[in-house]
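Biologist: I would like to learn how to read a model such as this one, feature by feature. Could you give me the general idea each time and then the case in hand?

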Amino acid sequence: MNISDYPKESIIRELFQNALGCRYESGDIKIVVDFQQEDIVTISYNEVGFSMEDILYYLSFGMNNGDDAREGRFGIGAKSVFLNVRSLALRSNTFSFKVNNDDGVLRIEDLNFNNKAFNGTKISLHLDNSEYQRIYENFTTLTEKKGDYINMVELFFRKGGKILI
C-alpha cells in the first residue's frame, strides 16, 4: 500500500471507515455530516474518543496501532486525507489539532492535549470550493446517482454481523 493509492475521492470513505472502526459504548453509532460552513465539511461521531496513543498514530505516517483486525492496519489511509484537503481539524476527548496542507507540505498546528472534555470525535475538512461542491452534491443526490466521493453502496457496511447504514 502506498499513499498515492488513495485518491481525493476516497477521503469521505476513509473517514467513514475510521468512524466505524472506533470504540463505542453502545451499538448505537451516529455519524453526522455537516455542510453549514462554506468550504468546510464536518463529520462527527459518538465514539468513546481518541486516546493519546490514538492521536500519535493518527499523526504518524506508516504507523498504526498493531491491531491487524482493525481498519487502518497500514497506517496511511487517514494521512491521505491530510494530503487531499486544505486543512483538517480534529477534536476528541481532551485532544485537538489542526493539520494544514501547504501544497503538499503538512504542518501540525494548534496541538492541544488539555482541552475541556469533548464527547465523541469531530473532524472538520477545509476544502477547495470545487471539491466542497462536489462532495455536497454527492450527499444531496445520494439516492439518485452514484457520486465520486460517496454513494449508496459505500454506506452499507458490516460490523459485528450487523449492517450499518
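## Reading charges, strands and turns

Modeller: Let us begin with a single residue: Asp 28 has a relative accessible area of 39%, and is therefore partly exposed. Please keep in mind throughout that this is a predicted model.

Biologist: Which side chain meets that of Asp 28 in a salt bridge?

Modeller: The general idea is that side chains of opposite charge can pair when their charged atoms come close. Here the partner of Asp 28 is Lys 30, with 3.5 Å from N to O, and Lys 30 is itself partly exposed, its relative accessible area being 49%.

Biologist: How many salt bridges does the structure hold, and which parts of the chain does the pair of Asp 54 and Arg 23 link?

Modeller: There are five salt bridges in the structure, and one of them joins the side chains of Asp 54 and Arg 23, at 3.1 Å from N to O. This pair bridges distant parts of the chain, since Asp 54 belongs to helix H2 whereas Arg 23 sits in the loop between H1 and S1, 31 residues apart. Asp 54 is buried at 16% relative accessible area, while Arg 23 is partly exposed at 40%.

Biologist: How should I read a salt bridge inside one helix, and what separates Glu 131 from Arg 134?

Modeller: An α-helix has 3.6 residues a turn, so residues three or four places apart point the same way. In helix H4, which spans residues 129-140, Glu 131 and Arg 134 are three residues apart, so about one helical turn separates them. Their closest N and O atoms are 3.4 Å apart, which makes a salt bridge; Glu 131 is buried at 11% relative accessible area, and Arg 134 is partly exposed at 25%.

Biologist: Which side chain of opposite charge is nearest to Glu 47, a buried residue without a salt bridge?

Modeller: The nearest is that of Arg 23, 5.3 Å away, and a salt bridge in this reading needs the nitrogen and the carboxyl oxygen within 4 Å. Glu 47 lies in the loop between S2 and H2, and its side chain reaches the backbone nitrogen of Gly 49 at 3.2 Å. Beyond its neighbours within four places in sequence, the contacts of Glu 47 include Cys 22, Tyr 24, Ser 92 and Thr 121.

Biologist: Let us turn to the strands. In what order do they stand in the sheet?

Modeller: In a regular strand the side chains alternate between the two faces of the sheet. This sheet is open, with six strands in the order S1-S2-S6-S3-S4-S5 and antiparallel pairing. Each of S1 and S5 (105-112) has a single partner strand and stands at an edge, so one side of each has no neighbour in the sheet. From one strand to the next, the twist averages 15°.

Biologist: Which residues stand opposite Arg 91 in the two strands beside S3?

Modeller: In S4 the bridge partner of Arg 91 is Ser 96, and in S6 Arg 91 stands opposite Lys 122. S3 is joined to S4 (residues 95-102) by six antiparallel bridges and to S6 (residues 118-126) by seven, again antiparallel. Another pair to trace is Leu 88, which stands opposite Val 99 in S4.

Biologist: Where does helix H2 lie relative to these strands?

Modeller: Helix H2, residues 52-59, lies across S3, S4, S5 and S6, and runs at about 5° to S4. As for helix H1 (residues 11-20), eight of its ten residues are buried, among them Ile 11, Leu 15, Phe 16 and Leu 20.

Biologist: Lastly, which residue of the hairpin of S1 and S2 takes a positive phi?

Modeller: That residue is Asp 39, in a hairpin with two residues between the strands; its phi is about 70° although Asp 39 is not a glycine. At 13% relative accessibility, Asp 39 is buried. The strands S1 (residues 31-37) and S2 (residues 40-45) pair antiparallel over five bridges, with Ile 40 as the bridge partner of Gln 37. The hairpin of S3 and S4 has one residue between its strands, and Asn 93, which lies in S3, has a positive phi near 55° without being a glycine. Asn 93 is partly exposed, at 24% relative accessible area.

How values were computed. Residues are numbered from 1 along each chain as its sequence is written. This is a predicted model: local features need pLDDT of at least 70, side-chain atom pairs count only at pLDDT 80 or more; totals for chains, interfaces and linings use all residues. Side-chain values use heavy atoms; hydrogens and water are left out. Two strands pair if DSSP finds at least two bridges between them. Helices (H or I, at least four residues) and strands (E, at least two) are DSSP runs, numbered from the N terminus. Buried means under 20% relative accessible area, exposed over 50%, partly exposed in between (1.4 Å probe, protein chains only). Axes are lines fitted to C-alpha atoms, for helices over the stretch in contact, and angles run from 0 to 180 degrees between N-to-C directions. Contact means heavy atoms within 4.5 Å. Lys and Arg count as positive and Asp and Glu as negative; His and the chain ends are not counted. A polar contact is a pair of N or O atoms within 3.5 Å; within protein, one must be able to donate a hydrogen and the other to accept it, and residues adjacent in sequence count only if both atoms are side-chain atoms.
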